[in-house]
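Dear colleague,

Please find the structure below, handed over for your records. A description of what was found in it follows directly after.

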Amino acid sequence: MCGIVGIVGRSFVNQAIYDALTVLQHRGQDAAGIVTCEGDRLFLRKDNGMVRDVFQSRHMRRLVGNMGIGHVRYPTAGTASSAEAQPFYVNSPYGITLAHNGNLTNTTALAEDIYRADLRHINTSSDSEVLLNVFAHELQQMGKLIPQPDDIFTAVARVHQRIEGAYAVIAMITGYGILAFRDPHGIRPVCYGRRDTEQGPEYMIASESVALSGLGFHLVRDLAPGEAIYISAEGEVYTRQCSENAQLSPCIFEQVYLARPDSIIDGISVYKARLRMGEKLAEKIQREWPDHDIDVVIPIPDTSRTAALQMANMLDVKYREGFIKNRYIGRTFIMPGQQQRKKSVRQKLNAIELEFSGKNVLLVDDSIVRGTTCNEIIQMAREAGANKVYFASAAPAVIYPNVYGIDMPAAQELIAHGRTNDEICTLIGADKLVYQDLEDLVAACREGNPDVVEFDCSVFDGRYIAGKIDRDYLDSLEKQRNDAVKKPKNLAAALASNEAVDLHNSN
């Protein structure tokens, strides 16, 4: 899970990209980067940390130009080093920078092919750098001094043929324009919008619509699966379907947790989908536990608030805010390392004792992944005086690893993998545990857009719709992406740039 943005404007876009990245900060807090273009020059700044920490006034002054792209990252593979912060750059052809959200499932084979056949060198373990070099090679094969939209779309079509997995991509071709494309299943989200100014229209491409609305752009639409959009530096817009076998199968976990509630993804309001998740979960409780003794429904902030509020309404019990959140602590789910996640739970949340004391409490969370966070929170509820602590998950049990860019790599790190509901309940320390049914989750999301034929529900049902996913691949991914390897490498960090770099004349 990462956040990507690209803007073609009529004046300098550095501040707009910065603002968009702050809106998308929930999608990644490990690293951030911006690259802008003025004429035939690129200007880059990227490093580890939050957007507000990576970009200082001296960096922003150097990020000149009327078009640019940005990225916020959290690590799913390799290290948390700033050496793998995006965007990535390759000088041939034209000078291309690229930012990517997702995960390629054939990275190893591609890297070997790039080296032996394309004669290109990969400098990091990031699949985004591999993707950039595949695209650069295919565009170079067009053999044009000046790239035309047809050439760019042909290159994207060839990229689709070579790479597998989930990907939403924004790339900038120096001096010419910005390109975005989406994988043939549309697993990871990307949309574009327009803003009219006195100088003419400006365009933004972003992971979520909330980045557009936050900066005064109106949402035009999501990119279709397999589709590409190219916006020239002059503001001309071209789109084309670049895959012959495209079918929309978006990641359902975007609706559950990843996306902001004020976003609209593939025509589905995330807020309304979460309301319906709460309704479905309340109906399950009424059906299977009609004589419940719940006194109060309390959400675990922030993602579960919408579902919890609707559950309380449906169950006709009180809804209360029982935890106060420290806004200066990041999302624990996307923090690299189990110990860091566990430590930050109590730093992030503080219980209001009067809402727990002597009550039977139903805590509601969006999902349960590793179980560490909910275990700590249940203990906090008991310490605050709760009589009984019940726990409800707005999503089904997360049983299988995610291979499409979400940090759920190792089955053994998932608390529900190989365990019964009762065993999970005991491990997290709850008096009762209620999971959403998968068919109800799908119905809650699909109601927002009946044209979505299916969702990627692989973390719940183990069905991987993109790439050739087998046991060997999962074992290999687990070794690359478990918590033990998500530690910065001092050498790589030392080599990473700490200043904005003029890529045209960086010497």
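P87 sits in the loop between β4 (67-73) and β5 (88-90). The peptide bond that joins Q86 to P87 is cis, with omega at about 5°. Please bear in mind throughout that this is a predicted model. A second cis peptide bond runs from P301 to D302, and its omega is near 5°. D302 belongs to the loop between β16 and α10 (305-315).

Two residues deserve mention for their backbone phi. Most residues other than glycine have a negative phi, and most peptide bonds are trans. L119, which is not glycine, has a positive phi near 60°, and D266, likewise not glycine, has a positive phi near 50°. L119 is placed in the loop between α4 and α5, whereas D266 is in the loop between β14 (264-265) and β15 (268-269). Is each of these residues buried or exposed? L119 has a relative accessibility of 71% and therefore counts as exposed, the cut-off being over 50%. D266 has a relative accessible area of 8%, which is under 20%, so D266 is buried.

As to the protein overall, there are 17 helices and 23 strands. The protein has 507 residues, and buried residues make up 62% of them. Among contacts between residues at least 6 apart in sequence, 72% join residues at least 24 apart.

The helix packing comes next. Two packed helices are described by the angle between their axes and the distance between the axes. Helix α4 (residues 107-116) packs with helix α5 (residues 127-140) at an angle of about 45°, and their axes are 10 Å apart. Because an angle of about 45° falls outside the ranges for roughly parallel (under 35 degrees), roughly perpendicular (65 to 115) and roughly antiparallel (over 145), α4 is oblique to α5. The crossing in which α4 passes α5 is left-handed. On the α4 side the contact is made by T107, L110, A111 and I114, and on the α5 side by D127, V130, N133 and V134. Sorted by class, this contact of α4 with α5 has five nonpolar, two polar and one charged residues.

Helix α5 also packs with helix α6 (residues 149-162), at an angle of about 130° and with the axes 8 Å apart. That angle makes α5 oblique to α6. Here α5 passes α6 in a right-handed crossing. From α5 the contact takes in V134, F135, H137, E138 and L139, and from α6 D151, I152, A155, V156, R158, V159 and R162. By class, the contact of α5 with α6 has seven nonpolar, one polar and four charged residues. V134 of α5 is thus among the residues in contact with α4 and also among those in contact with α6.

F135 leads on to the aromatic rings, since ring pairs link F135, Y167 and F181 into a cluster. How many aromatic pairs are there? The count comes to ten aromatic pairs. In one of them, the ring centres of Y18 and F55 lie 6.1 Å apart and the planes stand at 80°; as planes over 60 degrees apart count as edge-to-face, so does this pair. Y18 is in helix α1 (residues 14-23) and F55 is in the loop between α2 (51-54) and α3 (57-62), so that the pair links parts of the chain that are 37 residues apart. Both Y18 and F55 are buried.

W289 and Y390 form another edge-to-face pair, with 4.8 Å from centre to centre and 85° between the planes. This pair too links distant parts of the chain, 101 residues apart: W289 is in the loop between α9 (270-288) and β16 (296-299), and Y390 is in strand β21 (residues 388-393). W289 has a relative accessible area of 13% and is buried, and Y390 counts as buried at 5% relative accessibility.

Finally, E423 is part of helix α13 (residues 421-428). With a relative accessibility of 40%, E423 counts as partly exposed. Ten residues in sequence separate E423 from L433, and their C-alpha atoms are 9.9 Å apart in space.

With kind regards

Definitions and conventions:
Residues numbered from 1 in each chain as written. Predicted model: local features only at pLDDT ≥ 70, side-chain atom pairs only at ≥ 80, totals over all residues. Heavy atoms only, no water. Axes fitted to C-alpha atoms, helices over the stretch in contact; angles between N-to-C directions. Helix = DSSP H or I, 4+ residues; strand = E, 2+ residues; numbered from the N terminus. Left-handed = near helix turned anticlockwise from the far one by under 90°. Contact = heavy atoms within 4.5 Å. Nonpolar A, V, L, I, M, F, W, Y, C, P; charged D, E, K, R; others polar. Phe/Tyr/Trp six-rings, centres within 6.5 Å; stacked < 30°, edge-to-face > 60°. Buried < 20%, exposed > 50% of the residue type's maximum accessible area, 1.4 Å probe, protein only.
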